[in-house]
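Trainee: Got a minute to go through this one with me? I'd like to start with the backbone and then work outwards.

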Amino acid sequence: MTRFRGDADATIHTLLETAARRALGDASVAAGDLDAVHVANMAAEAFDGVSGLHNALTASIGAHGAQADRVENTSASGASAFQRGVQAVASGAADSALVVGGERMSDASTETATGVIGSIVHPREHAYGVTLPSFGGLAADTYLRRHDAPYEALASVAAKNHANGARNEYAQFQSEISVAEAADSPRVADPLRLYDCCPTTDGAAAVLIESTGEAESQGAGEDESENESEGGDSAVTVRACESAVGTHAVAERDDLLHMESVASAGEAAFAAADRDRDDVDVACIHDAFTVLELLELEELGFYGAGEAWQATIDGETALDGALPVNPGGGLKARGHPLGATGVSQLVELVWQLRGDADGRQVDCETGLAVNVAGFGNNAICTILEVSA
């Protein structure tokens with residue numbers, strides 16, 4: 001990864017190249033040996049005024065002869081690009097695939113950024129001024145009322161993820177906050193407050209997928225100098241990477257709190273991996289808003305409806321809890337550079353599974369990540385394990 005920031009003094013091309021070279025160095029693979037390069041990015045044209053990122057990246061790193069493309073799936077572009085790479089390697093179309101996700105959002109005006117992100121919602125809803133934060137506020141209000149939960153249920157997610165981000169040198173926010181500070185932060189979309197919402201971010205992340213008889217994820221963006229000391233040769237197996245779409249227009253859903261894309265992708269991933277919820281030791285959940293962490297944990301079956309908030313308050317999802325969630329800080333504290341987020345979740349899982357997450361390491365052999373497009377329009381669920 002690159003350090004996620006709100007004001008990176010690097011171009012989108014430089015961010016992508018930096019992450020790519022770190023992943024290649026970590027895996028000891030030459031760019032010229034790559035069969036495929038998949039670049040995840042949502043809106044470089046709007047944010048940076050550039051396109052053709054995949055062609056520029058392959059040229060800059062020297063991946064001559066590799067097939068290359070750009071994958072866009074709004075805020076789930078990163079995991080979609082990873083799935084593209086997994087499918088290429090698993091099918092035999094490629095022996096090695098480099099997946100790089102990145103976004104540089106800081107140069108765009110607030111008006112431009114709001115317009116780009118707002119375009120994710122259904123066109124009919126967008127035409128009436130509906131935004132992702134307003135959906136988040138509606139969902140949060142519904143969740144708290146339905147399950148008789150206090151606002152502190154949301155603030156506890158924010159405080160936990162900031163505590164984890166404070167232990168992650170790659171995170172945008174590296175300071176802790178209290179539940180009280182989250183509760184006192186400015187309102188954004190009632191009951192959501194500032195600390196309930198992820199920031200706009202610049203950054204990139206990369207992973208290398210190689211075939212060793214089965215699809216495997218073998219490298220994850222660290223500096224070459226850290227390879228020997230941090231176990232860069234340890235392999236992590238991709239057990240499953242499954243995706244599903246859900247109802248696009250939120251108003252057409254039977255239940256505002258039901259994210260069918262997350263539930264369907266999760267069921268498919270558990271079935272493909274031949275694993276169950278109890279097998280998962282650590283999870284990276286798409287917490288663009290704090291309420292989404294709770295909803296997605298419930299949609300994935302880790303908790304029953306209305307149970308995730310109490311589990312969070314009780315510390316079950318903390319680093320030392322029964323199911324550590326977002327040990328790298330999540331979107332809330334690590335940051336949310338749209339095209340990079342899904343890849344950064346997998347980088348964090350690889351570091352955790354290899355035992356390289358200094359300061360926030362949890363005991364784990366199996367990890368799960370879910371990356372969500374829009375407000376549940378599409379979701380990709382991935383399960384990784386330490387290779388036997």
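**Backbone, charges and overall build**

Mentor: Sure. Start at P191, which lies in the loop between β4 (187–189) and β5 (192–193). Strands here are DSSP runs of E with at least two residues, helices are runs of H or I with at least four residues, and both are numbered from the N terminus. Keep in mind that this is a predicted model, where local features need pLDDT of at least 70, side-chain atom pairs count only at pLDDT 80 or more, and totals for chains, interfaces and linings use all residues. Residues are numbered from 1 along each chain as its sequence is written, and side-chain values use heavy atoms, with hydrogens and water left out.

Trainee: OK, what kind of peptide bond joins D190 and P191?

Mentor: A cis one, with omega at about 10°. Most peptide bonds are trans.

Trainee: And which residue does D190 form a salt bridge with?

Mentor: With R187, and the closest N and O atoms are 2.3 Å apart. A salt bridge here is a side-chain nitrogen of Lys or Arg within 4 Å of a carboxyl oxygen of Asp or Glu.

Trainee: Are D190 and R187 buried or exposed?

Mentor: Both D190 and R187 are exposed. The scale is relative accessible area: under 20% is buried, over 50% is exposed, and partly exposed is in between (1.4 Å probe, protein chains only).

Trainee: How many salt bridges does the structure hold?

Mentor: It holds 18. One of them is between the side chains of E267 and R277, at 3.0 Å from N to O. That pair links distant parts of the chain, ten residues apart: E267 is in helix α10 (residues 260–273), and R277 is in the loop between α10 and β9 (282–284).

Trainee: How accessible is E267?

Mentor: E267 has a relative accessible area of 46%, so it is partly exposed. R277 counts as buried because its relative accessibility is 18%.

Trainee: What about D356, which residue does it pair with?

Mentor: D356 forms a salt bridge with R354, the closest N and O atoms being 3.1 Å apart. Salt bridges that share partners also join D26, R354 and D356 into one network. D356 is buried at 9% relative accessible area, and R354 is buried too, at 10%.

Trainee: Back to the backbone. What's the phi of T74?

Mentor: Positive, about 45°, although T74 is not a glycine. Most residues other than glycine have a negative phi. T74 sits in the loop between β2 (67–71) and α4 (77–91), and it counts as buried at 16% relative accessibility.

Trainee: And where is N326 found?

Mentor: In the loop between α12 (308–313) and α13 (330–333). N326 has a positive phi as well, near 55°, and is buried at 2% relative accessibility.

Trainee: Zooming out, how many helices and strands does the protein have?

Mentor: There are 14 helices and eleven strands. Of the 388 residues, 62% count as buried.

Trainee: What radius of gyration does the protein have?

Mentor: It has 19 Å, which agrees with a compact globule, because one with 388 residues would be near 21 Å. The radius is taken over C-alpha atoms, and the globule rule is 2.2 Å times the number of residues to the power 0.38. The C-alpha atoms fill a box of roughly 55 × 45 × 35 Å along the principal axes.
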